[in-house]
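Dear colleague,

I am handing over a structure that I have been reading through, and I would be glad if you kept it open beside this message. What I found in it follows below, element by element.

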Amino acid sequence: MTADQLKDLIAAGIACEHITLEGDGRHWYATIVSATFEGQRTLQRQRAVYATLGNRMQTDEVHALSMKTFTPAEWAAQ
């Protein structure tokens, strides 16, 4: 899986203002900014992102995904 493919999967499931991905094709590090995250706790946000991947985590297409999730306001305050 390429960074662009992973980015497209996430963006298809969550309206994102910003996504950055770094990784080696198996281990990924993402920063995701979305208004969808308003009022959600970290675990809820992560579950929403994982849901966009479907079974790709179970089939090892994406071995690991670490993420930081922000609302637009949280991102602006960074």
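Please keep in mind that this is a predicted model. I begin with helix α2, where the buried residues pack against α1 (3–13), β2 (27–33), β3 (64–70) and α3 (72–76).

Which residues of α2, which spans residues 42–52, are the buried ones? They are Arg-45, Val-49 and Thr-52, and because they cover an arc of only 55° around the axis, they lie on the same side of the helix. This fits a general rule: an α-helix has 3.6 residues a turn, so residues three or four places apart point the same way. On the other side of α2 you will find Arg-47 and Ala-51, which are exposed. After the helix comes Gly-54, which has a positive phi near 60°.

The strands can be read next. Strand β1 (residues 18–23) and β2 run antiparallel and are joined by six bridges, with Ile-19 standing opposite Ile-32 of β2. These two strands form a hairpin with three residues between them, and in its turn Gly-25 has a positive phi of about 100°. On the pairing of β2 with β3, the two strands run parallel and are joined by seven bridges, and here His-27 stands opposite Ala-64 of β3. Together with the helix, the parallel strands give a right-handed β-α-β unit made of β2, α2 and β3. As for how much of β2 is covered, five of its seven residues are buried, so I would call this strand mostly covered.

The interior comes next, and a general tendency may help you here: in soluble globular proteins, nonpolar side chains tend to be buried together. In this model the largest nonpolar core has 15 residues, of which Leu-6, Ile-10, Ile-32, Val-49 and Leu-65 touch the most other members. This core draws at least two residues from each of α1, β1, β2 and β3. If you select Ile-10 and set aside residues up to four places away in sequence, you should see that Ile-10 touches Cys-16, Ile-19, Ile-32, Val-49, Thr-52 and Leu-53. Two of these names have appeared above, since Val-49 and Thr-52 are among the buried residues of α2.

There is one aromatic pair in the structure. Its members are Phe-70 and Trp-75, whose rings are tilted, with 5.4 Å from centre to centre and 55° between the planes. Is each partner buried or partly exposed? Phe-70 has a relative accessibility of 13% and therefore counts as buried, whereas Trp-75, at 34%, is partly exposed.

Two further residues deserve a careful look. Most residues other than glycine have a negative phi, yet Asp-60, which is not a glycine, has a positive phi of about 70°. Asp-60 lies in the loop between α2 and β3, and its relative accessibility of 35% makes this residue count as partly exposed.

The other is Pro-72, which has its place in helix α3 and counts as partly exposed at 29% relative accessibility. Its C-alpha atom is separated by 9.4 Å from that of Cys-16, although the two residues are 56 residues apart along the chain. Leaving aside neighbours within four places in sequence, Pro-72 is in contact with Glu-17, Val-33, Ser-34, Ala-35 and Glu-38.

With best wishes

Conventions: Residues are numbered from 1 along each chain as its sequence is written. This is a predicted model: local features need pLDDT of at least 70, side-chain atom pairs count only at pLDDT 80 or more; totals for chains, interfaces and linings use all residues. Side-chain values use heavy atoms; hydrogens and water are left out. Buried means under 20% relative accessible area, exposed over 50%, partly exposed in between (1.4 Å probe, protein chains only). Helices (H or I, at least four residues) and strands (E, at least two) are DSSP runs, numbered from the N terminus. The arc is that of the directions from the helix axis to the C-beta atoms. Contact means heavy atoms within 4.5 Å. Rings of Phe, Tyr and Trp (its six-membered ring) pair if their centres lie within 6.5 Å; planes under 30 degrees apart count as stacked, over 60 as edge-to-face and the rest as tilted. Two strands pair if DSSP finds at least two bridges between them. A crossover is right-handed if, with the strands pointing away from the viewer, the path from the first strand over the helix to the second runs clockwise. A nonpolar core is a set of buried Ala, Val, Leu, Ile, Met, Phe, Trp, Tyr and Cys residues joined through side-chain atoms within 4.5 Å.
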